[in-house]
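User: I'm new to this one and keep tripping over the labels. Could you walk me through what earns each of them?

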Amino acid sequence: MKNEVYVLREGFTAEPVPEMIRELMIGRTYRENVNISLDDLAYLKLRYCDFSHNVADGEMIVHKSLAKEVLEIFEMLFDAEYEIEKIRLCDYYDGDDEKCMADNNSSAFNYRNVADTDTLSMHALGRAIDINPRYNPYIVGDKVSPANGLQYCDRELAFKHKINHHDICFKVFKNFGWLWGGDWESSKDYQHFYKPKQNPVKSAVKKLKDLVSD
């Protein structure tokens with residue numbers, strides 16, 4: 001993505017992270033590191049349907065290489081009138097992931113580790129997005145995050161805003177090649193969609209196999 005603002009359509013834009021947003025992020029969701037810089041990220045403005053089915057405007061930070069497709073993903077969700085309660089930067093929660101999830105905020109970038117591990121989260125690379133996290137909690141062992149999502153752990157129950165394989169949200173993200181934490185075996189992260197950076201060698205091999213099979 002170049003320095004100019006990319007406009008998909010009204011309400012859906014991407015640009016390098018503005019100075020005001022950079023100042024907000026530093027010390028909250030961003031700190032100096034060897035893995036990613038603020039110049040690697042993009043600031044998105046998105047339109048969505050909230051839980052009252054009103055049109056709302058949100059903002060999100062993702063890796064700049066994913067900016068345009070993330071706009072397309074949320075455009076498709078908006079056109080499908082898919083309800084998302086809110087889309088705010090995690091910085092408004094001082095980078096506190098639990099508070100962000102407990103408020104059912106959908107967000108992306110946050111330079112942090114996976115909870116209770118030393119492993120860098122995909123959120124730290126701007127390559128993961130959490131959707132309606134209270135209704136789609138992260139479950140590992142007896143721990144549920146956010147804690148106020150406990151009642152939504154039983155995925156056999158019928159309730160609104162539940163992400164599963166039949167949900168439009170899952171289908172749209174999958175269409176763009178994103179993976180889903182609800183498919184994990186040792187834990188479940190029903191809110192979590194992510195797109196790892198492709199290995200160039202593996203990618204080339206896959207393209208070659210696709211050509212041969214055609």
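Analyst: Sure, starting with exposure: buried means under 20% relative accessible area, exposed means over 50%, and partly exposed is in between (1.4 Å probe, protein chains only). This is a predicted model, where local features need pLDDT of at least 70, side-chain atom pairs count only at pLDDT 80 or more, and totals for chains, interfaces and linings use all residues. Residues are numbered from 1 along each chain as its sequence is written, and side-chain values use heavy atoms, with hydrogens and water left out.

User: Why does H53 count as partly exposed?

Analyst: H53 has 37% relative accessibility, so it falls between the two cut-offs and is partly exposed. H53 also has a positive phi of about 65°, although it is not a glycine.

User: And why is D94 called exposed?

Analyst: D94 comes in at 55% relative accessibility, which is over 50%, so exposed it is.

User: What makes E75 and R9 a salt bridge?

Analyst: The term needs a side-chain nitrogen of Lys or Arg within 4 Å of a carboxyl oxygen of Asp or Glu. For E75 and R9 the closest N and O atoms are 3.0 Å apart, so the pair qualifies. E75 sits in helix α2 and R9 in strand β1, 66 residues apart; helices (H or I, at least four residues) and strands (E, at least two) are DSSP runs, numbered from the N terminus.

User: Why is E75 buried or exposed?

Analyst: E75 is buried, because its 17% relative accessibility is under 20%. Its partner R9, at 29%, counts as partly exposed.
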